[in-house]
Amino acid sequence: MKLKFAKTKKRLTITKSKKRAWLVFSKWLKYQYVKDGMVECYTCGSMYPLEKIQTGHAIGGRNNSILFEEKLVRPQCIICNVFRRGRYATFTYKLIKEIGMKEYEKLVLQSQQVVQLKVSDFQEIEEKYKKKVERLSS
């Protein structure tokens with residue numbers, strides 16, 4: 001006789017829920033810039049296939065107050081985003097030209113705030129951007 005045990009569901013941690021939300025947000029953001037399967041790096045202008053492009057922030061420090069701030073995140077190649085550490089001078093210059101100094105200064109202040117998010121908050125963010133991705137793909 002075999003004993004059956006109920007499978008226990010693994011509890012979703014803050015780290016895992018944050019990662020899931022980020023992946024969907026990042027996917028949505030990259031879709032905003034895709035043309036014929038290619039995306040231009042915001043900082044160097046090189047073209048990359050959608051699956052090879054990353055997303056970078058204009059302000060460093062992936063804290064919760066700005067992590068999902070659409071105004072601050074743009075597509076970047078791995079060279080600019082990782083190996084050249086975001087190329088903040090170029091990124092910032094272009095972003096200020098795009099959104100204006102006043103808006104950029106507001107976002108800098110926002111980046112200094114401490115925001116505590118729960119698993120449920122990240123799940124809401126994930127669902128919000130899943131719906132946006134679905135709308136784009138339909």
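Buried residues make up 36% of the 138 residues in the chain. The model is a predicted one. Its C-alpha atoms fill a box of roughly 70 × 40 × 30 Å along the principal axes.

Now follow the chain from its N terminus. Five helices and four strands are present. Their order is α-β-β-β-β-α-α-α-α. A helix opens the series, four strands follow, and four helices end it.

How do parts of the chain meet? Take the contacts with a separation of 6 or more. Residues 24 or more positions apart account for 67% of these.

Turn to the surface. The chain exposes about 9600 Å². Carbon and sulfur atoms supply 54% of that area. The chain also carries 30 positive and 13 negative charges. The mean positions of the two groups are 8 Å apart.

Next, the cysteines. How many disulfides does a search of the whole structure find? The count is zero. A disulfide is a covalent bond between the sulfur atoms of two cysteines. Here the sulfur atoms would have to be within 2.5 Å to count as such a pair. Start with C44. Its closest cysteine sulfur is in C41, 3.7 Å away, so the gap is too far for a bond. C80 gives a similar picture: its closest cysteine sulfur, in C77, is 3.6 Å away, and this too is too far for a bond.

Are C44 and C80 buried or exposed? C44 counts as partly exposed because its relative accessibility is 33%. C80 counts as buried because its relative accessibility is 1%. The cut-off for buried is under 20%.

Conventions. Residues are numbered from 1 along each chain as its sequence is written. This is a predicted model: local features need pLDDT of at least 70, side-chain atom pairs count only at pLDDT 80 or more; totals for chains, interfaces and linings use all residues. Side-chain values use heavy atoms; hydrogens and water are left out. Buried means under 20% relative accessible area, exposed over 50%, partly exposed in between (1.4 Å probe, protein chains only). Helices (H or I, at least four residues) and strands (E, at least two) are DSSP runs, numbered from the N terminus. Contact means heavy atoms within 4.5 Å. Accessible areas come from the Shrake-Rupley method with a 1.4 Å probe; for residues, only the protein chains shown count as cover. Lys and Arg count as positive and Asp and Glu as negative; His and the chain ends are not counted. The place of a charge is taken as NZ of Lys, CZ of Arg, CG of Asp or CD of Glu.
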